[in-house]
Amino acid sequence: MRSDEKLTIALAKGRMQDESLALFARAGITVAAEDLSSRKLRVSSRDGGYSFVFVKPGDVPAYVEYGAADAGVTGRDVLLETRADVHVPLDLRLARCRIAVAGRRELSGKDYNLMATVRVATKYPGIATTYFHEKGVPIEVIPLSGSVELAPLLGLSDRIVDLVETGTTLRENGLEVLDTITESTARLIVNRASFQLKNARISELIDLPTRALDA
Ligand code: PRP
């Protein structure tokens, strides 16, 4: 392998990180344990063929679109929200969840027509705006970056648009799903130039799930 063909892969930190690394490991691409337990944000695979960088899920598309990373792993939710200009060649079928509208149980039957403007707290302003716009419901988006479920409890918003995986966070905060907007899983994304210039190596990546099964 030519040294200029080393691939840099941006992995979403958090819930997707372990599953992504496990997939690479099943395909024989492993990282030293001491690197994983360190605070390093960039680590190499043992075979030297890959450099993994760990970034916030919402930042993965920027690293890949601008070519700082050749490829990345992040959720479909993030891709819908950021509308990044990247190749999305593969659904990795990891970290399955849905993007849903939720609200307080006791108010869940309340008609949108009875609300002047629906206040929606979310980490997904774009997805929320499109969803309610298509329904003809005027909204005011309240952008938050985490613990979104708190907003309806404290009267900050009428609704939230957020990820639901197990449903535990909603349940334990007295909220319920009112509508599912779409499903999301982890996707492999690839920089458009890398796709052309490092095609052989990118093809290996796209083959990752097959290699993981064969290993
Ligand atoms: C996500 C999401 C929900 C929760 C859903 O938050 O925003 O809060 O997970 O998971 P569940 O259905 O399995 O309970 P995350 O853990 O990423 O933290 P955050 O609130 O800081 O964004």
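This is a short exchange about a ligand and the pocket around it in a predicted model.

Visitor: What makes the pair between Lys123 and the ligand a polar contact?

Guide: A polar side-chain atom of Lys123 lies 2.4 Å from an oxygen atom of the ligand. The cut-off for N or O atoms is 3.5 Å, so the pair counts.

Visitor: Why is the pair between Glu149 and the ligand called a polar contact?

Guide: An N or O atom in the side chain of Glu149 is 2.6 Å from a ligand oxygen. That is within 3.5 Å, so this pair counts too. For Asp162, a polar side-chain atom is placed 2.8 Å from an oxygen atom of the ligand. On its own the ligand has 500 Å² of accessible area, and the protein covers 72% of that.

Visitor: Which residues surround the ligand most closely?

Guide: The shell holds 13 residues, and the closest are Arg15, Lys123, Glu149, Thr166 and Thr169. A residue belongs if one of its heavy atoms lies within 4 Å. By class, two are nonpolar, six polar and five charged.

Visitor: Which elements supply at least two residues of that shell?

Guide: Strand 9 (159–164) and helix 7 (168–172) do. Strand 9 gives the largest share, three residues.

Visitor: How do you know where the ligand sits?

Guide: The ligand takes up the space of the largest pocket. The test is that more than half of its atoms lie within 2 Å of the grid points.

Visitor: What is the volume of the largest pocket, and what lines it?

Guide: The largest pocket holds about 800 Å³ of space. It is lined by 33 residues; Arg15, Asp77, Lys123, Tyr124 and Leu163 are the closest to its centre. Elements giving two or more lining residues are helix 1 (15–26), strand 4 (71–75), helix 4 (76–82), strand 9 and helix 7. Helix 4 has the largest share of the lining, four residues. The lining divides into 12 nonpolar, 12 polar and nine charged residues.

Notes: Residues are numbered from 1 along each chain as its sequence is written. This is a predicted model: local features need pLDDT of at least 70, side-chain atom pairs count only at pLDDT 80 or more; totals for chains, interfaces and linings use all residues. Side-chain values use heavy atoms; hydrogens and water are left out. A polar contact is a pair of N or O atoms within 3.5 Å; within protein, one must be able to donate a hydrogen and the other to accept it, and residues adjacent in sequence count only if both atoms are side-chain atoms. Accessible areas come from the Shrake-Rupley method with a 1.4 Å probe; for residues, only the protein chains shown count as cover. On a 1 Å grid over the protein atoms alone, a cavity is a set of points where a 1.4 Å probe fits but cannot get out, and a pocket is an open set with protein on both sides within 12 Å along at least five of seven lines; lining residues have an atom within 4 Å of a point. Ala, Val, Leu, Ile, Met, Phe, Trp, Tyr, Cys and Pro count as nonpolar, Asp, Glu, Lys and Arg as charged, and the others, Gly among them, as polar. Grid points are joined across faces, edges and corners, and a volume is the space filled by probe spheres set on the points.
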